[in-house]
Amino acid sequence: MLVMRRRAGESILIGDDIEIQIMHIGESRIKIGIKAPKSVPVTMKEVQLVREENLAAAQVRSVAALRGMLDRLIGGSPSAAS
Amino acid sequence: MEFPDGIPAFEQERQFLAIRQPANEPLVFLQSLSDADLCFVALPVQSVTRGFKLSMTPEDLEALGLESGGQPVIGRDVLCLAILSLEENAPPTANLLAPIVVNVRTLRGRQAIQTDSPYSHREALPLREAACS
């Protein structure tokens, strides 16, 4: 991975048409401005995780497995003995 | 419920119906209105972990028409559901990194990735050990 040191207000260019600007450096997070063509999707990396998780969650599952899970859910199922 | 941007991987699914069944409390089924085969199983975040606090980005708050001054209160301002993954041969998990947040006044919803969240996209459910047979 290429590592560069930048100050607030400075930028990085990727190719001819992508610019990443360090806009503000806070205590625990930084604010970044990104200029890129509309054809380039820009998302937080977590979106990729969530996308994969949503695809996994959308898989058809059995009703029996669901019931089994519910019966073991602590404090959840009305039929659960306490 | 209306999801103007869909949810990641299902961007075209804009309308979901939240279904609760007395026999399956506290589960909430999120049924897509445009794809009969697409139905997520979810739990209110409070059923997964106590004391869950939202940490939404200003962009997500704005998209849901919520005030950006603070975080919405679950139950009063928003409905907050964690989508479950129930894969075979693996313990069930709940996505607390990105709960489904719905503005209760407008019924507009969004999958809101949390910032500074101590929770993961695969949080274990509070289950009792399966009975030995």
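**Entry 1. Chain A.**
I began with burial in chain A: 11% of its 82 residues count as buried. This is a predicted model, and I kept that in mind throughout. I counted 2 helices and 3 strands in chain A. From the N terminus on, I read their order as β-β-β-α-α. I then looked at contacts in chain A with a separation of 6 or more; residues 24 or more positions apart account for 0% of them.

**Entry 2. Confidence.**
I looked up the scores next. The model has an ipTM of 0.90 and a pTM of 0.84. For chain B I found an average pLDDT of 92, with 97% of the residues at 70 or above. Which strand of chain B has the lowest confidence, and which the highest? Strand β8(B), residues 123-124, is lowest with a mean of 92, and strand β6(B), residues 100-103, is highest at 98.

**Entry 3. Chain B as a whole.**
I listed 2 helices and 8 strands in chain B. Along the sequence they follow the pattern β-β-β-α-α-β-β-β-β-β. The radius of gyration of chain B is 15 Å and the globule rule gives 14 Å for 133 residues, so I noted chain B as being as compact as a globular protein of that length. Its C-alpha trace spans about 50 × 35 × 30 Å along the principal axes. Buried residues make up 38% of the 133 in chain B. Among contacts in chain B with a separation of 6 or more, 46% come from residues 24 or more positions apart.

**Entry 4. The contact between the chains.**
I counted who takes part: 29 residues from chain B and 22 residues from chain A. On the chain B side, β3 (39-44) and β4 (78-85) each supply at least two residues. β4(B) gives the most to that side, with 3 residues. I sorted the side of chain B that touches chain A by class and got 20 nonpolar, 6 polar and 3 charged residues.

**Entry 5. The largest nonpolar core.**
In soluble globular proteins, nonpolar side chains tend to be buried together. I looked for such a grouping here and found that the largest nonpolar core has 42 residues. Those with the most contacts inside this core include Ala42(B), Leu43(B), Leu81(B), Ile83(B) and Val101(B). Which elements give two or more residues to this core? They are α1 (45-57) and α2 (63-72) of chain A, together with β2 (28-32), β3, α1 (45-48), β4 and β6 of chain B. The core therefore draws on both chains. β4(B) gives the most, with 6 residues.

**Entry 6. Strand β6(B).**
I followed Val101(B) from the core list to its strand. In a regular strand the side chains alternate between the two faces of the sheet. Are the faces of β6(B) covered or open? Both are covered: Ile100(B) and Val102(B) are buried on one side, and Val101(B) and Asn103(B) are buried on the other.

I then traced the pairing. β4(B) and β6(B) run antiparallel and are joined by 4 bridges; in one of them Val78(B) has Asn103(B) as its partner. β6(B) is also joined to β7(B), residues 109-111, by 3 bridges, again running antiparallel. Across from Val101(B) in β7(B) stands Arg110(B).

Leaving aside neighbours within four places in sequence, I listed the contacts of Val101(B) as Met56(B), Leu64(B), Val78(B), Cys80(B), Gly109(B), Arg110(B) and Ala112(B).

**Entry 7. Backbone exceptions.**
Most residues other than glycine have a negative phi, and most peptide bonds are trans. I searched chain B for departures.

- Glu25(B) and Pro26(B) are joined by a cis peptide bond, with omega about 0°. Pro26(B) lies in the loop between β1 (16-19) and β2 of chain B.
- Leu107(B) is not a glycine, yet its phi is positive, near 60°. It belongs to the hairpin of β6(B) and β7(B), which has 5 residues between the strands.
- Asp116(B), also not a glycine, has a positive phi of about 50°. Asp116(B) is in the loop between β7 and β8 of chain B.

I checked how covered the last two are. Why does Leu107(B) count as partly exposed? It has 14 other C-beta atoms within 10 Å, and the class in between takes those above 12 and below 20. Asp116(B) counts as exposed because it has 7 C-beta neighbours inside 10 Å, and 12 or fewer is the limit for that class.

Methods
Residues numbered from 1 in each chain as written. Chains lettered and ligands numbered in written order. Predicted model: local features only at pLDDT ≥ 70, side-chain atom pairs only at ≥ 80, totals over all residues. Contact = placed C-beta atoms within 7 Å. Nonpolar A, V, L, I, M, F, W, Y, C, P; charged D, E, K, R; others polar. pLDDT = per-residue confidence, 0-100. Rg over C-alpha atoms; globule rule 2.2 N^0.38 Å. Core = buried A, V, L, I, M, F, W, Y, C linked by C-beta atoms within 7 Å. Pairing = 2+ DSSP bridges.
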